[in-house]
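Biologist: I would like a close look at one helix packing arrangement, with the conventions behind every value spelled out.

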Amino acid sequence: MVKNSREGIFWITLPFILIFILANIAFGPVYIPVLEVFKALVGMKVPLTDKIIILQLRLPRILLGLGVGAALSVTGNAFQAMLKNPLADPYILGVSSGAAFGAILANVIAQLYYPNFVFYMWIFAFVFGLVATSLTYFVSRRGGKLPTTELILSGVIVNLMFGAGVTFLIVYGWRDVQVTSFWLLGSLSGAGWHDVILVGISSIASVVFFMSISKYLNAMVAGEEEAAYLGVNVEMMKLTIFVVGTLVTAIAVSTSGIIGFVGLIMPHMSRRLFGSDHKISMPASAILGGTFIVACDTVARSAFTPSEMPIGTITALIGAPIFIYILRRRVQNV
Amino acid sequence: MSEFLKIENVSYSYPKSSKNAIDKVNFTVRKGEIVGIIGPNGSGKTTLMKSILNMIDYKGNIKFYDQEIKKIPRRSLSKKIGVVAQEFAPIYDMKVSEIVEMGRTPYTNLFGDLSPEDKKHIEIALEDLNIYHLKERMFYSLSGGERQIVYVAKVFAQNPDLFLLDEATVHLDIGNAQHLLLKMKERVKKFGSTIISTFHDINQASAFSDRIIIMKSGKIYATGDPQTVLTKDMIEEVYGANCEIIKDPRNGTVNVFMDLEDNSDALFCDVLKKYS
């Protein structure tokens, strides 16, 4: 049911966004005409090399980007409502770097001692993601509130700490500095269908979950006490959001490394376009986040051939100025 | 008839504090009554409100419709008790209609879809408060007074039996405060609602309440109708303020006037009392 015009706009723009996402398959070290791409996708005959590039290399990569972007954005959106702070996101809070540290720890253990450990990668990522957020949360908490300055500062510290941990583990365990950039700045290269399935399931589940608690998130936007007056079990809700958000972030990070700023700017943009009701802003930020990552990845893989730019560099170049804008605007409002 | 709200021996002390913020408080509230609570800063007014809402782990008993408040699930409680605090400040700007809809949170399904019943209560709230025309406006584009009325509309939509107003008029000018309090009185008349309200402004409490509870250092200092409890001695004893009490000749409402003249005489009397 379309409730209002904003929701209407969302559903109208959706098909165009999907077409845009698929059109990204055309770009890369080799350009494949868009028409060819759509032919391959619907199963019509195309040259074999094109078919392999489209279906085995670029499609999984784009779907992975879509999933990762969606997961990070909905998590950011939920964290912002939960912490009553529009600057919260998995990257700022340190969940991403904690998760990256966990994923690499599992990898290093696998490499040096028990090869099977690589299967526990996302569990390690989850655990260390939880450690990192808890750390940021408790360091910045002042009398039951999370002041913006403290939140960002403690996020920076936690990020630096786990970032250093990542570099240390890689140099110590792999003796290969090259992979550091994959983890610290993120990359969708080497995406396979198994990654797509894992991230796809977790991000779709997270979007549905966060949509189903949208009325509680709406109530929390006016503060924990107001939410409690409306019958929300606030502590339980916070714990659930915290755990679910960290889990989907951990899964995203263990497949694509740390990609910053998506979870911060995309929820903001979706609220600007479609209003702040989480029932719309959740699916909208998922779609926008996914599209943003896909577009950034297209630039990352095709603009600098033969080498590839880590995607986190591009999201940061776009995200940092927007972050500053939100921060400045917020200061003026207070 | 059973009591609507019964508070028995309720005490609470904040963590790391040796003193009780409220100390063995006892009182009952009848259905349809308007009770005003006054007292100086830190006298325990807000703590008492939080106890009634089961937001803090108080000692003693609070019975609401003969049921212990602690045993009522939060969602059921929120259908019965609505709160208007000092201000409503969401982090995102929202449409007025979205904020009023928020009042239906305890009633709606998981995805927050509004039933005809929900819509009816939202309409009533918007109409009773005369803010139908603001429905499509953004919350932060409104004036402070309008925002507080939208907040009240949200709580009207929640359709509680008991309204707790926690200094709901403290940031409002006299016109907006009057508007809000009149609308609350109308609600009581129309739906038989009950109100417990804390006030800083003694005159507002006096004009608004059927009964006044005066708190001092966590205890109930006095209770009764405004005309009997609001006396010069009480104000001096509880607030440490010098003032004059004047009755409104039209309806007998008691008004308190602060004394800003040189009060050395009064102080001298104090000294005499102490040493005689």
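In what crossing, left-handed or right-handed, does H12(A) pass H13(A)?

Modeller: The crossing of H12(A) past H13(A) is right-handed, the near helix being turned clockwise from the far one by less than a right angle, where anticlockwise would be left-handed. This is a predicted model, in which local features need pLDDT of at least 70 and side-chain atom pairs count only at pLDDT 80 or more, while totals for chains, interfaces and linings use all residues. Residues are numbered from 1 along each chain as its sequence is written, with chains lettered from A and ligands numbered from 1 in the order in which they are written.

Helix H12 of chain A covers residues 262-274, and helix H13 of chain A covers residues 278-302 (helices are DSSP runs of H or I with at least four residues, numbered from the N terminus). The axes of H12(A) and H13(A) come within 8 Å and cross at roughly 125° (lines fitted to C-alpha atoms over the stretch in contact, with angles from 0 to 180 degrees between N-to-C directions). That angle makes H12(A) oblique to H13(A), since under 35 degrees counts as roughly parallel, over 145 as roughly antiparallel, 65 to 115 as roughly perpendicular and the rest as oblique.

On the side of H12(A), the contact involves A:Val262, A:Met266, A:Pro267, A:Met269, A:Ser270, A:Arg271, A:Leu273 and A:Phe274 (C-beta atoms, placed from the backbone, within 7 Å). These meet A:Ile280, A:Ser281, A:Ala284, A:Ser285, A:Leu288, A:Gly289, A:Phe292 and A:Ile293 of H13(A). By class, the contact of H12(A) with H13(A) has eleven nonpolar, four polar and one charged residues (Ala, Val, Leu, Ile, Met, Phe, Trp, Tyr, Cys and Pro are nonpolar, Asp, Glu, Lys and Arg charged, and the others, Gly among them, polar).

H13(A) also has helix H1 of chain A, residues 5-23, beside it, the two axes coming within 11 Å and crossing at roughly 25°. This makes H1(A) roughly parallel to H13(A), and H1(A) passes H13(A) in a left-handed crossing. From H1(A), the contact takes A:Arg6, A:Glu7, A:Phe10, A:Leu14, A:Ile17, A:Phe20 and A:Ile21, while H13(A) supplies A:Ile280, A:Ala284, A:Ile287, A:Thr291 and A:Val294. Nine nonpolar, one polar and two charged residues make up the contact of H1(A) with H13(A). A:Ile280 and A:Ala284 of H13(A) thus take part in the contact with H1(A) and also in the contact with H12(A).

Key:
Helices (H or I, at least four residues) and strands (E, at least two) are DSSP runs, numbered from the N terminus. Two residues are in contact if their C-beta atoms, placed from the backbone, lie within 7 Å.
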